[in-house]
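Q: Please take a close look at one part of this chain. Choose one loop residue, and then show how the rest of the chain fits around that choice.

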Amino acid sequence: MDEAPRRIDPTTDRVSAALVLGCSPEQIGPCARCQGLTCRYGRNAQPVCPQCRAVGVRTGTGPG
Ligand SMILES: [Zn+2]
């Protein structure tokens with residue numbers, strides 16, 4: 001029931017967000033949709049956060 005990723009509030013510090021997201025602090029940036037923190041830069045960059053991606057999949061809007 002609670003398996004969807006959580007939004008990371010933009011007030012969260014980068015180091016904590018990086019630990020949650022499994023990336024480096026310098027890769028952290030704001031989500032294009034909700035402004036929550038996501039692994040936005042670097043090799044595996046995700047312009048939208050895991051939560052928004054999960055919502056997109058569930059509602060059928062698809063990624064991107
Ligand atoms: Zn988001």
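A: The part chosen is G42, and the view then widens to the whole chain.

First, some ground rules. Residues are numbered from 1 along each chain, as its sequence is written. The model is predicted: local features need pLDDT of at least 70, side-chain atom pairs count only at pLDDT 80 or more, and totals for chains, interfaces and linings use all residues.

G42 sits in the loop between β2 (37–39) and α2 (50–59). Helices (H or I, at least four residues) and strands (E, at least two) are DSSP runs, numbered from the N terminus. Why is G42 classed as partly exposed? Because 13 other C-beta atoms lie within 10 Å of G42. A buried residue has 20 or more other C-beta atoms within 10 Å of its own, an exposed one has 12 or fewer, and a partly exposed one falls in between; C-beta atoms are placed from the backbone.

What does G42 touch? Not counting residues up to four places away in sequence, G42 touches C23 and Q27. Contact means C-beta atoms, placed from the backbone, within 7 Å. C23 is 19 residues from G42 in sequence, yet 9.1 Å away in space, C-alpha to C-alpha.

C23 leads into the largest nonpolar core. Such a core is a set of buried Ala, Val, Leu, Ile, Met, Phe, Trp, Tyr and Cys residues joined through C-beta atoms within 7 Å. Here it has 11 residues in all, including C23, L37, C39 and V48. The elements that give two or more residues to this core are α1 (14–21) and β2. In soluble globular proteins, nonpolar side chains tend to be buried together. V48, another core member, is in contact with C31, A32, R33, T38 and R53, leaving aside neighbours within four places in sequence.

Now the other loop, between β1 and β2: Q35 is placed there. Q35 is not a glycine, yet its phi is positive, near 70°. Q35 is partly exposed because 13 other C-beta atoms lie within 10 Å.

Step back to the chain. There are 2 helices and 2 strands. From the N terminus on, they run α-β-β-α. Buried residues make up 27% of the 64 residues.

How far can the model be trusted? The average pLDDT, the predictor's confidence in each residue from 0 to 100, is 87 for the chain. Among the elements, α2 has the lowest mean (81), and β1 (residues 28–30) has the highest (97). Where pLDDT is low, the predicted coordinates should not be read in detail.

Note on methods: Contact = placed C-beta atoms within 7 Å.
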